[in-house]
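Let's take a walk through this structure together, one region at a time. Please keep the sequence and the 3D view at hand as you read.

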Amino acid sequence: MTQEFIINLVHSRTTGTPGRAENRARDRTLVIDEPIHAGGPGEEITPAEAFLAGISACGVLLVESYAREAGLPVRSVEAEIQGLRDAREPSWFQRIYLRFQVAGATQEQAEGLVERYKGR
């Protein structure tokens, strides 16, 4: 059996502004800053926020896809994600909380969609 892979490529580089990185994925650019307390300019999203955004974006898109597959009348899916880090060791998340809101589905349907996501 031949294994197939999906390759995602992002190129990141420093910009000459301390604490700022320019990140390119396909033809899109995303600027990411270290927060001010870490020596960065703190004007753009932080690496931690970009990481959490990737998780929550994946969640809402998958839940939406599962609803579509099931023929459920979901109008929108929202997620709020919160990451807790120890200020003395900020490179590790201690906990991540992810809360979904699914509009157009019953409570039972929404819970089933989220459970399917969690089971991945």
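A residue is called buried when its relative accessible area is under 20%, exposed when it is over 50%, and partly exposed in between. Keep in mind, too, that you are looking at a predicted model.

With that cut-off in hand, start at Tyr-117: its relative accessibility is 15%, so Tyr-117 counts as buried. Phe-100 is also buried, because its relative accessible area is 16%.

Both of these residues belong to the largest nonpolar core, which has 13 residues; Val-63, Tyr-66, Val-77, Phe-100, Val-102, Leu-113 and Tyr-117 are the ones that touch the most other members. Where does this core draw its residues from? Helix H1 (47-70), strand S5 and helix H2 (107-118) each contribute at least two, and H1 gives the largest share, with 5 residues.

Val-102 is a good place to see how these parts come together. Setting aside neighbours within four places in sequence, you will find Val-102 in contact with Val-63, Val-74, Ser-76, Val-77, Ala-110 and Leu-113.

Just before Val-102 in the numbering comes Gln-101, which sits in strand S5 (residues 89-103). Is Gln-101 buried, partly exposed or exposed? Its relative accessible area is 45%, so Gln-101 is partly exposed. Not counting residues up to four places away in sequence, Gln-101 touches Ser-76, Val-77 and Glu-78. You can also trace a path from Gln-101 to Val-60: the two are 41 residues apart in sequence, and their C-alpha atoms are 9.1 Å apart in space.

Now turn to the aromatic rings, where the structure holds 2 aromatic pairs. In one of them, the ring centres of Phe-51 and Phe-93 are 5.6 Å apart and the planes meet at 20°, so this pair is stacked. The pair links distant parts of the chain, with Phe-51 in helix H1 and Phe-93 in strand S5, 42 residues apart. Phe-51 has 44% relative accessibility and so counts as partly exposed. Phe-93 is partly exposed as well, because its relative accessibility is 26%.

The other pair takes you back to Phe-100 and Tyr-117, whose rings are edge-to-face, at 5.5 Å centre to centre with 75° between the planes. Phe-100 lies in strand S5 and Tyr-117 in helix H2, so the pair ties together parts that are 17 residues apart in sequence.

For the last stop, move to the largest pocket, with a volume of about 340 Å³. Which strands help to line this pocket? Strand S1 (10-14), strand S2 (20-25) and strand S3 (28-33) each supply at least two residues of the lining. In detail, the lining is made up of Asn-8, Leu-9, Val-10, Ser-12, Asn-23, Arg-24, Ala-25, Arg-26, Arg-28, Thr-29 and Leu-30. By type, these residues divide into 4 nonpolar, 4 polar and 3 charged.

One of the lining residues, Arg-26, deserves a second look. Arg-26 is found in the loop between S2 and S3, and with a relative accessible area of 77% it is exposed. What about its backbone? Most residues other than glycine have a negative phi. Arg-26, although not a glycine, has a positive phi of about 55°.

Definitions and conventions
Residues are numbered from 1 along each chain as its sequence is written. This is a predicted model: local features need pLDDT of at least 70, side-chain atom pairs count only at pLDDT 80 or more; totals for chains, interfaces and linings use all residues. Side-chain values use heavy atoms; hydrogens and water are left out. Helices (H or I, at least four residues) and strands (E, at least two) are DSSP runs, numbered from the N terminus. Buried means under 20% relative accessible area, exposed over 50%, partly exposed in between (1.4 Å probe, protein chains only). Contact means heavy atoms within 4.5 Å. A nonpolar core is a set of buried Ala, Val, Leu, Ile, Met, Phe, Trp, Tyr and Cys residues joined through side-chain atoms within 4.5 Å. On a 1 Å grid over the protein atoms alone, a cavity is a set of points where a 1.4 Å probe fits but cannot get out, and a pocket is an open set with protein on both sides within 12 Å along at least five of seven lines; lining residues have an atom within 4 Å of a point. Grid points are joined across faces, edges and corners, and a volume is the space filled by probe spheres set on the points. Ala, Val, Leu, Ile, Met, Phe, Trp, Tyr, Cys and Pro count as nonpolar, Asp, Glu, Lys and Arg as charged, and the others, Gly among them, as polar. Rings of Phe, Tyr and Trp (its six-membered ring) pair if their centres lie within 6.5 Å; planes under 30 degrees apart count as stacked, over 60 as edge-to-face and the rest as tilted.
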